[in-house]
Every structure is written in C-alpha cells, then in structure tokens.
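Student: Could you walk me through how to read helix packing and a nonpolar core in a model like this?

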Amino acid sequence: MANLLGAKIKELRKAKGLTLEQLAEQIGSGKSYIWEIENRGVKRPSAEKLAAIARALDTTTDFLVDNGMTKPTDEVKREVFFRKFESLDEEDQQKIEDIIDAWSKKK
C-alpha cells in the first residue's frame, strides 16, 4: 500500500463492511476519490473530508494522520464512543446512563 493513511482507511472501511462506493456516498465524494487515497496516496483529503472519513469509519482524525499510531488507542475509542453518545437525543442518552447505572449496581 502506498501510504499509511490509505492503509488505515482501507482497513477500517473493510472492517465495517463498507465498499468504496458506500464510504464515498457517506462522505459526499466519488468512489475514485476514496480509491486514490487508499491505493495511490496522491490525494490529500481536506480537513473537512478527513473529518467526514473519520466519522464514517468510527475513528478520529488524529488516528488517521498519526503515522506512529497503527491501532486505535483506548483514548481514540473513548473519543469515538463519546462523539456517538453526544449525537444521540436526550432520551437515548438517559437510557444509556440508566443501563450503566444498573450495571454498576450489579457489582
């Protein structure tokens, strides 16, 4: 693979079971754009596109661009979880909090 950014995107995309077309659609781009990033490394996504790719792949932009980080850290995973949590409506957030409280009391 031509570059680490492309390798990370490809690995995460495949792990989520997304095709090139599906990821491209989610970020408002074309299949060839994603293919170029994954395979050639000549495309440098804008900050907006990189953020969209990170959201679609349930990761962070930090993970995607950090050449030293080859696997998402616990911090990255927590950031992704809380980003998803914050996007829920208040009622769903409360349900999750209730579940956590119930599990905490089981101990």
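Tutor: Gladly; we will take the helix pair, then the core, then one residue. This is a predicted model, where local features need pLDDT of at least 70, side-chain atom pairs count only at pLDDT 80 or more, and totals for chains, interfaces and linings use all residues. Residues are numbered from 1 along each chain as its sequence is written, and side-chain values use heavy atoms, with hydrogens and water left out.

Student: How are two packed helices described?

Tutor: By the angle between their axes and the distance between the axes. Here α1 (residues 4-15) and α3 (residues 31-39) pack at about 120°, with axes 6 Å apart. They are therefore oblique to each other (neither under 35 degrees, nor over 145, nor 65 to 115).

Student: Which residues of α1 and α3 meet?

Tutor: Leu5, Gly6, Ala7, Ile9, Lys10 and Arg13 in α1 meet Ile37, Glu38 and Asn39 in α3, contact being heavy atoms within 4.5 Å.

Student: Which residues touch the most other members of the largest nonpolar core?

Tutor: A nonpolar core joins buried Ala, Val, Leu, Ile, Met, Phe, Trp, Tyr and Cys residues through side-chain atoms within 4.5 Å. This one has 21 residues, and those touching the most other members are Ile9, Leu23, Ile27, Ile34, Ile53, Leu57 and Leu64. The most residues, five, come from α4.

Student: Is Asn3 buried or exposed?

Tutor: Asn3 counts as buried because its relative accessibility is 16% (buried is under 20%, exposed over 50%, partly exposed in between, with a 1.4 Å probe and protein chains only). Its side chain reaches the backbone nitrogen of Gly6 at 2.3 Å.

Definitions and conventions: Axes fitted to C-alpha atoms, helices over the stretch in contact; angles between N-to-C directions. Helix = DSSP H or I, 4+ residues; strand = E, 2+ residues; numbered from the N terminus. Polar contact = N/O pair within 3.5 Å; in protein donor to acceptor, adjacent residues only side chain to side chain.
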